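Here's a short set of exercises to work through with the viewer open. Try each task before you read its solution.

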Amino acid sequence: MPEAVVIGAGPNGLVAANLLADAGWSVEVLEEQAEPGGAVRHDHGVHPDYVSDLFSSFYPLAAASPVLAALKLEREGLRWSHAPYVLAHPLPDGRCALLGRNIDDTAAALSGFGAADGDAWRELYRVWERLSPDIVDALFTPFPPVRATARLAVRLRGAGGLRLARSMLLPVRRLGEEEFEGEGGRLLLAGNALHADLAPEAAGSGGFGWVMSMLGQTHGFPVPTGGSGALTQALVHRLRARGGVIRCGERVSRVVVHGGRAVGVQTADGETVPARRAVLADVSVPALYGGLVDESHLPGQLLADLRRFQWDFATFKVDWALSGPIPWNAAPASLAGTVHLADGVDDLSRFAAQIALRRVPDRPFLLFGQMTTADPSRSPLGTESAWAYTHVPQEVTGDAGDDGLCGTWDEREQEAMADRMEAQVERYAPGFRALIRARRILAPPTLQSLDANLHGGALNGGTTALHQQLVFRPVPGTGRPETPVKHLFLASAGAHPGGGVHGGPGANAARAALRGRRPTGLTAAQRILAHHDRKGARTGHTP
């Protein structure tokens, strides 16, 4: 009998399992899909000569994460690769906002938009350098991060204190207007805020855009050499070397609760897997509460709060195998791993407003990935493995464009939306379509079918808006991984600190489990489960 069962072999589940194994626990991970990784996987599904990331690709949060750093995944073969520039935001007139790992490159590019804007960026970065150790510590420490917050409060007094706190709570549109004369710096901040579901007018979007931009300035937006799945492979190899077991193709249908405690899980095939000490769930919040855990085991207030749970935006993604480099009008964009495509901050606001009105945007804001530029191993010399994604409403009531899209995402709608995205790329890179050798469409239902945590293609396990962060994540409470069921812990992006590939929720759940004081002897329910499991194994009823 394993001491811990982890539901889901996404990055958070694998981080949690590794930390438990490091503490000497026996761990069994059950994954619904045919392979581990969750939203960190790659394949050759677009073209046999091209590596394509299925979901996530660039990992600034992984590069900054003390959780992943402590696992020393380079010992398991993980290598990182960088594009010459981190991020570019070209404009139709040929100007280009540029984020480089060398701050001189960023400052020089922004000075082309406003004479003082390069210096303004340097000042934002100086603030980041003073505060980043404690900001990162606070992000990755179980809530409440008392020590990190105390240190941060001391540093804040020397960095402007309340004025800086005000800046972080500003909408990113207002923050950009206060800090920069021209549009370049404003675009970098606002585009990075829309990596989540934060519109330029959303409170707190300024702080999020600043953090993401400064992470890019400090760490870049690195990619795993060979494909995103290389990060998963390193986590899997490390876990197995410590005795951990990963079983794929095993969908968990129920958390077994006895006497208010989680004592194991049951799979869709009817197998019972007891857990001596803990069950950790790397699953979405709605899937856990009232799904895997029956409502009878949950407080009424939690169930009421869940009715107010908000998903982040849905996602529509297209992968391409291109025969050559992309002919951007703005030359610096050809050297960036990530490219943002929108005509300006007003265009970003228009895009977000259409989503808020539940309409499919007619001129979608694209986050575009040039993967061979970031990692030459992704496709043959002189070609490009590329993708773009955009956001769409979770519930569609209409189309702001002319294609009559209504959110069924059938074949016609998928092709029309992919064509709309390609037309947007063509505006900034005439001749793009002529380079396409093959493409693959990943509509919201497809993304969810490949990873159940990506509800409608939601990437962050729930909205990043302030009303569902910190003590409000996933619902008003303590912001911690403990659940109302003893020895059951939420280990997914639905928990603090939220979405992104950094391992924070998994690490927090593992630490909470290790702090538990459950006796090592079996409870009566666990003995029954263990007996059932052994009986099933003898009669061939368990895989």
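**Exercise 1. Find where His487 sits, then work out its backbone angle and its burial class.**

Solution. Start with the location: His487 is in the loop between α17 and β21. Keep in mind that you're looking at a predicted model. Next, check the backbone: phi of His487 is near 65°, a positive value in a residue that isn't glycine. Last, the surface: the relative accessible area of His487 is 15%. Buried means under 20%, so His487 is buried.

**Exercise 2. Do the exercise again for Lys72: what are its loop, its phi and its class?**

Solution. Lys72 belongs to the loop between α3 (66-71) and β5 (80-81). Its phi is near 50°, again positive in a non-glycine residue. For the class, take the relative accessible area of 34%. Partly exposed covers the range between the 20% and 50% cut-offs, so Lys72 is partly exposed.

**Exercise 3. Look at the peptide bonds leading into Pro474 and Pro497: cis or trans?**

Solution. Take Pro474 to begin with. The bond from Arg473 to Pro474 has omega near 0°, and it's cis. You'll find Pro474 in the loop between α17 (444-450) and β21 (488-490). Now go to Pro497, in the loop between β21 and α18 (504-515). The bond joining His496 and Pro497 is cis too, with omega about 5°.

**Exercise 4. Which residues have the most contacts inside the largest nonpolar core?**

Solution. Here's the background: in soluble globular proteins, nonpolar side chains tend to be buried together. The largest such core here has 54 residues, and the ones with the most contacts inside it are Trp121, Trp128 and Trp210. Helix α5 (residues 117-140) supplies the largest share of this core, 8 residues. Apart from that core lies another one, of 38 residues, including Val6, Leu19, Ala278 and Ala512. Now zoom in on Trp128: leaving out residues up to four places away in sequence, Trp128 touches Ile135, Trp210, Val211, Met214, Leu215 and Thr218.

**Exercise 5. Describe the second largest pocket: how much space, and which residues are closest to its centre?**

Solution. Begin with the volume: the second largest pocket holds about 370 Å³ of space. Then the lining: there are 18 lining residues, with Gln310, Trp311, Phe313, Ile355 and Ala356 closest to the centre. Sort the lining by class and you get 10 nonpolar, 4 polar and 4 charged residues.

**Exercise 6. Place Arg412 in its surroundings.**

Solution. Step one, the element: Arg412 is in helix α16 (residues 411-428). Step two, the neighbours: with residues up to four places away in sequence left out, Arg412 is in contact with Asp403, Gly404 and Leu405. Step three, a longer distance: Arg412 and Gln448 are 36 residues apart in sequence, and their C-alpha atoms are 19 Å apart. Step four, the surface: Arg412 has 45% relative accessibility, so it counts as partly exposed.

**Exercise 7. How many disulfides are there, and are Cys96 and Cys248 buried or partly exposed?**

Solution. A quick reminder: a disulfide is a covalent bond between the sulfur atoms of two cysteines. Searching the whole structure turns up 0 of them. Now the cysteines: Cys96 has a relative accessible area of 11%, so it's buried. Cys248 comes in at 28%, so it counts as partly exposed.

Notes. Residues numbered from 1 in each chain as written. Predicted model: local features only at pLDDT ≥ 70, side-chain atom pairs only at ≥ 80, totals over all residues. Heavy atoms only, no water. 1 Å grid on protein atoms, 1.4 Å probe; cavity = no way out; pocket = protein on both sides within 12 Å on 5 of 7 lines; lining within 4 Å. Points joined across faces, edges and corners; volume = space filled by probe spheres on them. Nonpolar A, V, L, I, M, F, W, Y, C, P; charged D, E, K, R; others polar. Disulfide = S-S within 2.5 Å. Buried < 20%, exposed > 50% of the residue type's maximum accessible area, 1.4 Å probe, protein only. Core = buried A, V, L, I, M, F, W, Y, C linked by side-chain atoms within 4.5 Å. Helix = DSSP H or I, 4+ residues; strand = E, 2+ residues; numbered from the N terminus. Contact = heavy atoms within 4.5 Å.
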